[in-house]
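Hi,

Here is the structure I promised to pass on. Have a look at it first, then read my notes below.

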Amino acid sequence: MCGKKVTISLIKADVGSVAGHYMVHPDQIEVARARLEKARDEGLIEDFYVFNCGDDLELLMTHWRGENDPKIHGLAWDTFKEVTEKVSKKLKLYAAGQDLLVDTFSGNVKGMGPGVAEMEIEERPSEPFVAFAADKTEPGAFNLPLFRIFADPSYTAGLVIEEAMHSGFTFRVFDVLENKYVDLVCPAEIYDLVALIGTTGRYVIERIFRNSDGLLAACVSTSRLSLIAGKYVGKDDPCMLVRCQRGLPALGEVLFPFSFPHLVAGWMRGSHYGPLMPVGLEDARCTSFDGPPRVVALGFNLSDGRLIGLGGSKPADLFADVAFDRARSIANEIAEYIRRHGEFMPARLGPEEMEYTTLPQVLRKLSNRFKEAHRP
Ligand code: F6R
Ligand code: MG
Ligand code: MG
């Protein structure tokens, strides 16, 4: 298969979890693994790794079929369905099958509930990359760290001192409300970029390309479940893939921005801001006030499409490191601080972004008690 382009597909869904929206059950992981193992033995995929971030089941797959391939998307869909039927429903897990928004698969899981980060690439002589997954937040949560990794010289030294990166990166930004995108070439258009991506609920970085040769460096899942379903159906907790080293940000430059636990939307009932806490797989489970929101980072190399981790089925669990202890401790402190605001903004999202609200009912109830105020 060498010489052909390889595709990395990271496809995720919340299909039910233990003790509320807490975490995936081990049997769900097992069923997903068995399904993907069969697909690997049959030659449909080259390799895979199944993991979870909180209540989201994440299927990392490599194959030779390109992006948006109906067979690969079908495999992910069937796997989520099988996990739902064989485990989530049988064990009466919470919110069984939650993110599977339609009854029948129609060729591509995008727009059907699951989140997808997918990149077809030419495998470099050595191809290190990181698979990120977050829980209790939204795709725009990656805007700030991606900006820092690929556009901010105070974070990524390589932008200044590495030749291949010195001409910058182009950011593909999606308007998730209007379903349109724009490519912004940085550093030239850096202020336009920030003007857009600061509005994290609407403008989401979807892809990043290296200016010197157009190489695809990163991609993010951009679905918004509530827009697909037209109502609250849970959070569209995002995932992303970032390639690194040799003319791209070094692994350490990719991880460093996560040492600042920035505030993201999505905590508790998809209606609150909270700090994004970088954690190892062991701690990827949300508890206090359903949070705080978490992010995991798993490092791999590709070898002719095979996923190389630390031997066996062990990935490099990159945030499981003392270097991120301080970020976690700051995140806990921010969490405590912001929760003391209770149901007052800015701890609570603005009314147009809240997943749960009783405001229309309250306004209806009070409608004939509101009096015209005559101001001089
Ligand atoms: C779900 C999430 C949670 C839920 C909350 C209420 O991933 O973010 O904060 O929104 O637990 O859930 P329901 O309405 O299912 O009781
Ligand atoms: Mg959930
Ligand atoms: Mg989740």
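Along the sequence, the residues that donate to the magnesium ion (ligand 3) follow the spacing D-D-x78-D-x101-D. They are D55, D56, D135 and D237, each binding through OD at 2.0 to 2.2 Å. (Donors are N, O and S atoms within 2.8 Å of the metal, or 3.2 Å for Na, K and Ca; water is not among the atoms, so sites may look incomplete.) D56 sits in strand β3 (residues 56-63) and D237 in the loop between α6 and β10 (239-243), so this pair ties together parts 181 residues apart in sequence. (Strands are DSSP runs of E, at least two residues, and helices runs of H or I, at least four, numbered from the N terminus.) D56 and D237 are both buried, meaning under 20% relative accessible area with a 1.4 Å probe, protein chains only. D55 also coordinates the magnesium ion (ligand 2), which is 4.3 Å from ligand 3.

A word on the ground rules: this is a predicted model, where local features need pLDDT of at least 70 and side-chain atom pairs 80 or more, while totals for chains, interfaces and linings use all residues. Residues count from 1 along each chain as its sequence is written, chains are lettered from A and ligands numbered from 1 in the order written, and side-chain values use heavy atoms, leaving out hydrogens and water.

And which residues make up the lining of the largest pocket: nonpolar, polar or charged? The lining divides into 8 nonpolar, 6 polar and 4 charged. (Ala, Val, Leu, Ile, Met, Phe, Trp, Tyr, Cys and Pro count as nonpolar, Asp, Glu, Lys and Arg as charged, the others, Gly among them, as polar; lining residues have an atom within 4 Å of a point on a 1 Å grid, in an open set where a 1.4 Å probe fits, with protein on both sides within 12 Å along at least five of seven lines.)

Cheers

Key:
Buried means under 20% relative accessible area, exposed over 50%, partly exposed in between (1.4 Å probe, protein chains only).
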